Amino acid sequence: MSTASPTPPRPSAARLLPRMPDWASRNFTLLTSAAFITSLGSHGALIAAAFAVLEHGGDAGDVGLVAAARTVPLILFLLIGGAVADRLPRHRVMVTANLLNCLSQAAFAVLVLAGSPLLWQMMLLAALGGTGQAFFSPAAEGMLLATVDRKHASKGFAVFRLTMNGATIGGAALGGAMVAVIGPGWVLAVDAAAFAVSAGLRALLDLSGMPRRAQGGSLLADLRDGWHEALARPWFWSIVAQFSVVVAVVGAAESVYGPLVARDHLGGPAPWGFALAAFGVGTVVGAVLMMRWQPRRLLLAGTLSVFALALPSAALAVPLPALGLAGVMFVSGVAIELFGVAWITTMHQEIPEEKFSRMSAYDWLGSIGMVPLATALAGPAESAFGRSNALWGGAVLIVLVTAAVLFVPEVRTMTRRPPEAEHDAGEGEAAPEAVPVPGVDTVSGPGAGAVVAAATSVPAPAPESASDAADAEGAARRDG
């Protein structure tokens, strides 16, 4: 008999991933890990793209055009992406979108490393990235919480959100430092590799237990119905309109003016990466706070927190030193989480489950619709009024539109209704579906998710059922 030690079994792909709670399925672990890897790379790539434009002779207007080139396809193809995700296997749509992002970022990296990128080439590659995101986001929103039983839905969403916040902190900090040390081209190459790894993880999903989806009705009819529903709720359309301005201002400040201020006054990309990381820390603190604090007047508490989102533009206008800017970004991160949780809770309380997704579509599009215009006009506004005046103007706009929303009666008076009593499924009664409203969002609905999306452009998945999908959808855009 041989005395040689047996060859140890090769670990499965799931065992190679970070340790997850006992209730987390293999699919949940794969999706969460893939999202973490993608987000980590993308946060660094956003900083790298801006400095790639600047290092090759671009100015504020060029940075804004590249940022706008990514957002325009996202707006144009988002509804189409949702229709495709409802008709094809979602994991295949997600993998294909990841591969498109991988190829576009790899080409961007090659151009930058070769030392001869042209503005139109960078805009084209950014547009391909935005197209990939438009198809990825709707598909991802139907996958995440379908991998967790309803009893643990809230825990699953909380773990996912905290994981994404960790990627925000690490990606921004590492991205800024790596751009300063090895240059933007290599950071873009790392992001391309991250998309490739994420596509591989998502390709390993086991969909044998997923229920078949019934074909829906006409997309146009659903959108028309959602439009009437939105107009019938003043609190909804007023806040979506508010955040169309807020997200545009935040997007211009963080995508265009932030890198310029860092270059001219703070010593380069590393301090700006540190400031974005402080924003991520703030989202974690805000999430923890909202896990413990449940304001009775949801929209009033959320809207009052939005005033703090004017602070980053004001800090860049001064400009504050790196430490002061990081402090301001931390406060704005806390604020966006406070609003995000209040908003998604209100959406679930007030909007019928069967209409939630189409309302969320208007919420998303209304929130990001003005971002391309704002980023494209950031450079001309700087030339016409000066960078400091343009930033002060943006801060004032946020204050004015937020104050205007407080004149809507429902925003001031809407209260939280007590949740229905939950029953343990093991006691004979079916447990009602948990509403994933952990103290975090970062990612759906008008501002919270969209604000972060403007700065991070990172989509977040959501649940499979109408109720769960609504949660994740709202959370995805508000957290970013």
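This note goes through a few features of a predicted model, point by point, for a reader who is new to the structure.

1. Helix packing. A useful place to begin is the pair formed by helix α8, which covers residues 234–266, and helix α14, which covers residues 371–385; the two pack with their axes 8 Å apart and at an angle of about 45°. That angle makes α8 oblique to α14, and the crossing of α8 and α14 is right-handed.

2. Salt bridges in the whole structure. A search of the complete model finds 3 salt bridges. As general background, side chains of opposite charge can pair when their charged atoms come close. The individual pairs are taken up in the next three points.

3. R263 and D264. The side chains of R263 and D264 meet in a salt bridge, with a distance of 2.9 Å from N to O. R263 is partly exposed, at a relative accessible area of 38%, and D264 is likewise partly exposed, its relative accessible area being 40%.

4. R387 and D264. D264 also meets the side chain of R387 in a salt bridge, again given as 2.9 Å from N to O. This pair links distant parts of the chain, since R387 lies in helix α15 (residues 387–405) and D264 in helix α8, with their positions 123 residues apart in the numbering.

5. E382 and R387, and the network. The side chain of E382 forms a salt bridge with that of R387, at 2.8 Å from N to O. Which of the two classes, buried or exposed, fits R387? R387 counts as buried because its relative accessibility is 17%, under the 20% cut-off that the term requires. E382 counts as buried as well, with a relative accessibility of 17%. Through salt bridges that share partners, R263, D264, E382 and R387 are joined into one network.

6. A nonpolar surface patch. Turning to another part of the model, a reader may ask which residues form a nonpolar patch on the surface. They are V72, L76, F77 and I80, which together have about 330 Å² of accessible area. One of them, F77, lies in helix α2, a helix that runs over residues 60–87. F77 is described as partly exposed because its relative accessible area is 30%, a value that falls between the 20% limit for buried and the 50% limit for exposed.

Conventions: Residues numbered from 1 in each chain as written. Predicted model: local features only at pLDDT ≥ 70, side-chain atom pairs only at ≥ 80, totals over all residues. Heavy atoms only, no water. Patch = residues over 30% accessible without salt bridge, like charges linked within 9 Å, V, L, I, M, F, W, Y side chains within 5 Å. Areas by Shrake-Rupley, 256 points an atom, 1.4 Å probe, with all protein chains shown as cover. Salt bridge = Lys/Arg side-chain N within 4 Å of Asp/Glu carboxyl O. Helix = DSSP H or I, 4+ residues; strand = E, 2+ residues; numbered from the N terminus. Buried < 20%, exposed > 50% of the residue type's maximum accessible area, 1.4 Å probe, protein only. Axes fitted to C-alpha atoms, helices over the stretch in contact; angles between N-to-C directions. Parallel < 35°, antiparallel > 145°, perpendicular 65-115°, else oblique. Left-handed = near helix turned anticlockwise from the far one by under 90°.
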